[in-house]
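Subject: A structure for you to look at

Hi,

Here is the structure I promised to pass on. Please open it and keep it beside you while you read the notes below.

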Amino acid sequence: MMIAKIGIVTTSDRASAGIYEDLSGKAIIDTLNDYLKSPWESVYRCISDDRDTIENTLKDLIDNEECCLVVTTGGTGPAIRDVTPEATEAVCDRMMPGFGELMRSVSLQYVPTAILSRQTAGLRGTSLIVNLPGKPKSIRECLDAVFPAIPYCIDLIEGPFLETNEEVIKAFRPKK
Ligand SMILES: Nc1ncnc2c1ncn2[C@@H]1O[C@H](COP(=O)(O)OP(=O)(O)OP(=O)(O)O)[C@@H](O)[C@H]1O
Ligand SMILES: Nc1nc2c(c(=O)[nH]1)N[C@H]1C(S)=C(S)[C@@H](COP(=O)(O)O)O[C@H]1N2
C-alpha cells in the first residue's frame with residue numbers, strides 16, 4: 001500500500017523562535033493519527049510568519065517531498081504578519097473556497113471571532129493545501145468539519161487512498 005505523505009506546517013513567529021511549544025502542529029499530528037487507519041507519514045515544519053518562507057516551505061513539501069496533503073496552522077488572521085492565506089494562494093493553481101467557508105461557519109459555534117480567520121484551501125498540481133487557525137483548540141474544531149471531504153478530494157486528484165477510522169470520522173465518497 002502506498003504511504004501517504006502529509007505535510008504539517010506551523011507558521012508562528014513565537015513557536016518557531018522557541019518562545020512557546022508548538023502545540024498546534026502537535027494537535028494536527030494527533031488528530032490525523034486519530035482519524036487515519038491507512039498508513040501515513042508526517043513531514044513537519046515550524047516556521048516564522050514570513051511570506052517567502054511559507055511559500056518556499058509549501059513548494060518544498062509538495063514538489064520535493066511529494067505530500068498529497070499539506071495542513072497549515074497559524075497566520076490566518078488580520079494582524080500585519082498574518083499572511084498564510086496569501087502564501088497559499090500564491091503557490092496554488094486552483095482555490096477550494098468551500099473549506100474556508102465551512103470552517104468559519106462551524107467555528108462560529110465556538111468563538112464569535114471565527115470570522116477573523118481568512119483561512120483558505122487550494123490545489124497545487126495534485127496536492128491539497130488546507131489552512132487552519134493558530135490556536136491549538138481550533139485544530140480539531142476545524143478538521144472535524146472538513147476532513148470527511150478530504151479523502152474523496154485526494155481521490156479526485158489521484159493521490160493515495162486515505163482510509164479513516166470510521167468510529168472517529170467517516171470519509172464521504174459519493175462515487176465508488
Ligand atoms: N503553534 C502554537 N502553539 C501553541 N500555542 C499557539 C500556537 N499558535 C498560537 N497559539 C496560541 O494562540 C494564541 C493566539 O494565536 P495567534 O495566531 O494570535 O498566535 P500569534 O500570537 O500570532 O503567534 P505569533 O505572533 O508568534 O506568530 C497565541 O497567543 C498562543 O497562546
Ligand atoms: N475553530 C476556531 N476558529 C477560530 C478560532 C478558534 O479559537 N477556534 N479563533 C479565531 C481567532 S480569535 C482568530 S484571530 C482567527 C485567526 O487566527 P490565526 O491568526 O491564529 O490564524 O481564527 C479564528 N478562528
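First, a definition you will need: a residue is buried if 20 or more other C-beta atoms lie within 10 Å of its own, exposed if 12 or fewer, and partly exposed in between. Please also keep in mind that this is a predicted model.

Let's try the definition out. Is Glu158 buried or exposed? Glu158 has 8 other C-beta atoms within 10 Å, so this residue is exposed. You will find Glu158 in the segment after helix 7. Its phi is positive, at about 65 degrees, although Glu158 is not a glycine. That is worth a second look because most residues other than glycine have a negative phi. Glu66 is another such case: not a glycine, yet with a positive phi of about 60 degrees. Glu66 sits in the loop between helix 3 and strand 3, and with 14 other C-beta atoms within 10 Å it is partly exposed.

Now for the whole chain. The protein chain has 7 helices and 6 strands. Read from the N terminus, the elements follow the order β-α-α-β-α-β-α-β-α-β-β-α-α. The radius of gyration is 15 Å, close to the 16 Å that the globule rule gives for 176 residues, so the chain is as compact as a globular protein of that length. Along the principal axes, the C-alpha atoms fill a box of roughly 45 × 40 × 30 Å. Of the 176 residues, 43% count as buried. Among contacts between residues at least 6 apart in sequence, 70% join residues at least 24 apart.

The UniProt record, an unreviewed entry, places the feature "domain: MoaB/Mog" at residues 7-153. Over residues 7-153 the chain is 44% helix and 20% strand, and the C-alpha atoms at the two ends are 16 Å apart.

Two helices show nicely how burial works. In helix 4 (residues 84-91), the buried residues are Thr84, Pro85, Ala87, Thr88 and Val91. Seen down the axis of helix 4, these residues fall within an arc of 160 degrees, so they line one face of the helix. What covers them includes strand 1 (4-11), helix 3 (51-64), strand 3, strand 5 (121-124) and strand 6.

Which residues of helix 6 are buried? They are Ser138, Ile139, Cys142, Leu143 and Val146. Around the axis of helix 6 they cover an arc of only 120 degrees, which puts them on the same side of the helix. Their cover includes helix 2 (23-35), strand 3 (69-73), helix 5 (97-107), strand 6 (127-132) and helix 7 (150-156). Lys137 is also in helix 6, but with 13 C-beta neighbours inside 10 Å it counts as partly exposed.

Next, the ligands. There are 16 residues around ligand 1, and Asp13, Arg14, Leu23, Ser24 and Gly134 come nearest. Helix 1 (13-16) and helix 2 each supply at least two residues of this shell, and helix 1 gives the most, with 3 residues. By class, the shell around ligand 1 has 5 nonpolar, 6 polar and 5 charged residues.

Around ligand 2 there are 19 residues, of which Thr76, Gly77, Ser117, Gly134 and Ser138 come nearest. Which element gives the most to this shell? It is helix 6 (residues 136-146), with 4 residues. The shell around ligand 2 divides into 6 nonpolar, 9 polar and 4 charged residues. Two residues link these notes together: Gly134 is among the nearest for ligand 1 and also for ligand 2, while Ser138 is among the nearest for ligand 2 and is one of the buried residues of helix 6.

One last residue to look up is Asp49, in the loop between strand 2 (40-47) and helix 3. With 21 C-beta neighbours inside 10 Å, Asp49 counts as buried. Leaving aside its neighbours within four places in sequence, Asp49 is in contact with Thr11, Ser12, Asp13, Gly75, Arg81, Asp82 and Val83. Asp49 and Ser12 are 37 residues apart along the chain, with their C-alpha atoms separated by 5.5 Å.

Enjoy exploring, and do write back with any questions!

Best wishes

Note on methods. Residues are numbered from 1 along each chain as its sequence is written. Chains are lettered from A and ligands numbered from 1 in the order in which they are written. This is a predicted model: local features need pLDDT of at least 70, side-chain atom pairs count only at pLDDT 80 or more; totals for chains, interfaces and linings use all residues. A residue is near a molecule or strand if its C-beta atom, placed from the backbone, lies within 6 Å of it. Ala, Val, Leu, Ile, Met, Phe, Trp, Tyr, Cys and Pro count as nonpolar, Asp, Glu, Lys and Arg as charged, and the others, Gly among them, as polar. The arc is that of the directions from the helix axis to the C-beta atoms. Two residues are in contact if their C-beta atoms, placed from the backbone, lie within 7 Å. The radius of gyration is taken over C-alpha atoms; the globule rule is 2.2 Å times the number of residues to the power 0.38. UniProt positions are given in the numbering used here, feature names are shortened, and annotations may be inferred rather than shown by experiment.
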